[in-house]
Amino acid sequence: MTLLDRVRKGLTKGERPLRFLVAGAANTAFGVAIFPLLAWSNAWLYENYMVTLVIAQATSLTFAFLTYRVALRGRATSLKQLGVFSSFYVVHYVANIIMLPILVEGVGIAPITAQLGFIAVLIVTSYFWHSH
């Protein structure tokens, strides 16, 4: 049985860890891509990178909530569920909102490069956060 066959079988048989892993990979890819895609789509969004950051974070949070609810076979209909889910991300979003202008304006890093670097730190810290 090939790896692809095992993944298909795991997804269709309802193996929760595999669904969670697929949702995590999709969320990571989406979260990494959304900021640069928005910034490159429009000169105003590139110049106003903080607006772009807020749009990207809200979109990523919604995407992650919906995909994890599907992966865990729940219903993504409750605002209370969204509040509980998003509480983990609040700390990272606040840190991101503080650090992005420091990296761009203070250090001189391009907004997209700074955001991708911050996402790399986020991935590492969230691993440790979820490990405890």
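**Close-up views of a six-helix predicted model**

**View 1. The whole chain holds six helices and zero strands.** Helices (DSSP H or I, at least four residues) and strands (E, at least two) are numbered from the N terminus, and from that end the elements read α-α-α-α-α-α. This is a predicted model, in which local features need pLDDT of at least 70 and side-chain atom pairs count only at pLDDT 80 or more, while totals for chains, interfaces and linings use all residues. Residues are numbered from 1 along each chain as its sequence is written, and side-chain values use heavy atoms, with hydrogens and water left out.

**View 2. Here is helix 5, residues 79–107, with its kink.** The kink is about 45 degrees and is centred on F88; the bend at a residue is the angle between axes fitted to the seven residues ending there and the seven starting there. F88 is also one of the buried residues of this helix, which include F85, Y89, H92, Y93 and N96. Buried means under 20% relative accessible area (1.4 Å probe, protein chains only), and 32% of the protein's 132 residues qualify. Just after helix 5 comes G108, with a positive phi near 90 degrees.

**View 3. T67 sits in helix 4, residues 49–71.** A polar atom of the T67 side chain lies 3.2 Å from the backbone oxygen of A64. Beyond its neighbours within four places in sequence, T67 is in contact (heavy atoms within 4.5 Å) with A23 and N27. Across the protein, 58% of contacts between residues at least 6 apart in sequence join residues at least 24 apart.

Technical notes: Buried < 20%, exposed > 50% of the residue type's maximum accessible area, 1.4 Å probe, protein only. Polar contact = N/O pair within 3.5 Å; in protein donor to acceptor, adjacent residues only side chain to side chain.
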